[in-house]
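Open the model in your viewer and keep the sequence panel beside it. This tour goes stop by stop: what to select, then what is there.

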Amino acid sequence: MKSLRAAAPQPIAYVVDRRALDQALARHAQEKGAELRVGMGVKGLEVDGHGATVRVEGNGHHPLCAQAVVLATGFPSPLPALAGLGEVSRWGIGAQAEVPVNGLEETEVYLGQGIAPGFFAWLVPTAPGHALAGLISSRPGPYLQSFLKDLHRQGKVKSAQAPLCFRRIAFSPLPRTYGDRVVAVGEAAGQVKATTGGGIFYGLLCAEEAAMALHRALSRGDLSARSLSSYERAWQSRLGPEMRMGGWARGLYARLSDRRIDEVFSLVQSSGLADAVGTMQDLSFDWHSPVIRHALKQQALRGLKWLLPVPLRLSRSPSPPRSLSPLGRERGKKDYLGDTPRPPSEGVKPPLNSPKDEFRDELL
Ligand SMILES: Cc1cc2nc3c(=O)[nH]c(=O)nc-3n(C[C@H](O)[C@H](O)[C@H](O)COP(=O)(O)OP(=O)(O)OC[C@H]3O[C@@H](n4cnc5c(N)ncnc54)[C@H](O)[C@@H]3O)c2cc1C
């Protein structure tokens with residue numbers, strides 16, 4: 001097993017208490033005049049020329065009426081499809097457990113087809129003596145159990161027995177994130193980092209765009225789909241290239257055998273790339289394309305001849321359209337993330353988001 005340590009001179013990410021974050025956001029919204037109603041499940045949504053009506057369970061089952069509705073239900077939810085926005089076509093399953101640890105101080109990421117095929121596993125310290133161990137896969141249960149046993153054997157976690165929690169993670173945007181009097185944001189809209197499955201940063205960014213688009217539409221008195229389409233243009237222009245590049249890199253990684261991963265590790269180590277990435281000016285936990293570009297431009301990685309045919313072959317696959325259409329969507333098809341990587345020669349379908357031609361020159 002090879003290991004690699006990368007460090008940045010200053011923190012680039014924080015562990016957030018999600019419950020506290022949600023409570024702070026709710027408090028902030030209330031201070032700005034929002035009315036918070038809890039304990040209600042939204043069951044349906046109807047829209048006409050006069051407004052939107054939301055059917056709820058709870059609240060004595062009285063429907064709620066509004067000028068517009070923001071779908072921020074997370075994933076999965078039937079509501080985007082009910083609103084005519086279609087469905088997320090690609091998703092994986094995240095599994096995580098809170099575990100007691102022995103003095104863990106740094107975040108650890110584990111790669112390998114036997115650990116989390118096509119993805120990665122993590123061990124993240126959260127508080128003294130505590131950590132989150134998790135991974136993403138299409139069948140995460142057995143992988144997480146075996147990961148925990150391994151960590152226990154290595155003495156990193158005090159016990160391999162911990163309650164596991166599972167949740168699906170969207171890996172493609174909705175076909176459409178706006179409609180008449182409705183927008184979808186966050187994971188409900190599939191606004192998730194293709195590289196890591198993280199959705200909080202993208203969700204906040206897109207919520208900002210949704211708020212601005214709704215504000216403009218309400219000021220104009222025009223909440224039609226056409227008027228709200230500016231929301232999708234805005235978030236796609238901020239995140240589209242990043243999501244395509246991330247999807248391409250993840251698709252490439254998903255194809256790597258453990259031997260190839262070891263090869264990349266050795267080269268990254270011997271070329272000093274890990275140190276260089278740690279001190280990159282534009283290193284960011286939230287914007288991954290600069291790191292991917294930086295890595296692919298390294299002479300050392302270009303030495304990996306098997307990397308070369310991948311972008312070339314992919315460049316022959318149809319590029320996703322430039323405009324508002326979702327990235328790498330396969331109409332009408334629900335799909336897990338592939339668990340078993342297949343070698344390029346088997347003619348597999350392109351990864352989630354194929355690289356656009358604009359990447360090709362840079363990568364080669
Ligand atoms: C194991 C795991 C680890 C992860 N780690 C990270 C990480 O480190 N960093 C990161 O950025 N992301 C991470 N993610 C992803 C992240 O959790 C999600 O992308 C993020 O929570 C999405 O935020 P959201 O507000 O869009 O949806 P959610 O957080 O899912 O919130 C949706 C809310 O809507 C409510 N709701 C749903 N349906 C209805 C309904 N019909 N009526 C009323 N209310 C409804 C839900 O109860 C929920 O409160 C992880 C995911 C998993 C599974």
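**Stop 1: the end of a helix.** Select G272. This glycine follows α6 and has a positive phi, near 75°. Helices here are DSSP runs of H or I with at least four residues, strands are runs of E with at least two, and both are numbered from the N terminus. Now take in α6 itself, residues 258-271. Its 14 residues reach 20 Å from the first C-alpha to the last, close to the 20 Å expected at 1.5 Å a residue. The expected span is 1.5 Å times one less than the number of residues.

Before moving on, two notes on the model. Residues are numbered from 1 along each chain as its sequence is written. The model is predicted: local features need pLDDT of at least 70, side-chain atom pairs count only at pLDDT 80 or more, and totals for chains, interfaces and linings use all residues.

**Stop 2: helix α1.** Select residues 18-31. The 14 residues of α1 should span 20 Å at 1.5 Å a residue, and the end C-alpha atoms are 20 Å apart, which agrees. Is α1 buried or in the open? The number of buried residues in α1 is zero, so the helix lies largely in the open. Buried means 20 or more other C-beta atoms within 10 Å of a residue's own; exposed means 12 or fewer; partly exposed is in between, with C-beta atoms placed from the backbone. Step on to G33, which follows α1 and has a positive phi near 110°.

**Stop 3: an antiparallel sheet.** Select β1 (41-47) and β3 (64-66), then add β2 (residues 52-57). These three strands form an open sheet in the order β1-β2-β3, with antiparallel pairing. β1 and β3 stand at the edges with a single partner strand each, so one side of each has no neighbour in the sheet. From one strand to the next, the twist averages 25°. Angles run from 0 to 180 degrees between N-to-C directions, along axes fitted as lines to C-alpha atoms (for helices, over the stretch in contact). Three bridges join β2 to β3. Look for V54, which stands opposite L64 in β3. Two strands count as paired if DSSP finds at least two bridges between them.

**Stop 4: a cis peptide bond.** Select F75 and P76. The bond between them is cis, with omega near 0°. P76 sits in the loop between β4 and α2 (79-82).

**Stop 5: a mixed sheet.** Select β4 (69-71) and β10 (178-179), the edge strands, each pairing on one side only. Add β11 (residues 182-184). The sheet is open, its order is β4-β11-β10, and the pairing is mixed. β10 and β11 are antiparallel, joined over two bridges. G179 has V182 in β11 as its bridge partner.

Now select R181, in the loop between β10 and β11. R181 is not a glycine, yet its phi is positive, about 60°. Is R181 buried or exposed? R181 is buried, with 25 other C-beta atoms within 10 Å.

**Stop 6: strands β6, β7 and β8.** Select β6 (residues 108-110) and β7 (residues 121-127), which pair antiparallel over three bridges. V109 stands opposite W122 in β7. V109 is partly exposed, with 13 other C-beta atoms within 10 Å. Add R5: its C-alpha lies 9.9 Å from that of V109, although the two are 104 residues apart along the chain.

Extend the selection to β8 (residues 130-137), antiparallel to β7 over six bridges. P125 stands opposite A131 in β8. The hairpin of β7 and β8 has two residues between the strands, and G129 there takes a positive phi near 85°.

**Stop 7: the ligand.** Select the ligand and its surroundings. How many residues surround the ligand? There are 22, and the closest are G74, G94, G186, G198 and G199. A residue counts as near if its C-beta atom, placed from the backbone, lies within 6 Å. β1, β5 (90-100), β9 (165-170) and α4 (200-220) are the elements that give two or more residues to the shell. α4 gives the most, with three residues.

Colour the shell by residue class: eight nonpolar, twelve polar and two charged. Nonpolar covers Ala, Val, Leu, Ile, Met, Phe, Trp, Tyr, Cys and Pro; charged covers Asp, Glu, Lys and Arg; the others, Gly among them, are polar. Finish by colouring domain 1 (47-89 + 171-239) and domain 2 (90-168), each of which supplies at least three residues to the shell. The domain bounds come from an automatic or database domain assignment.
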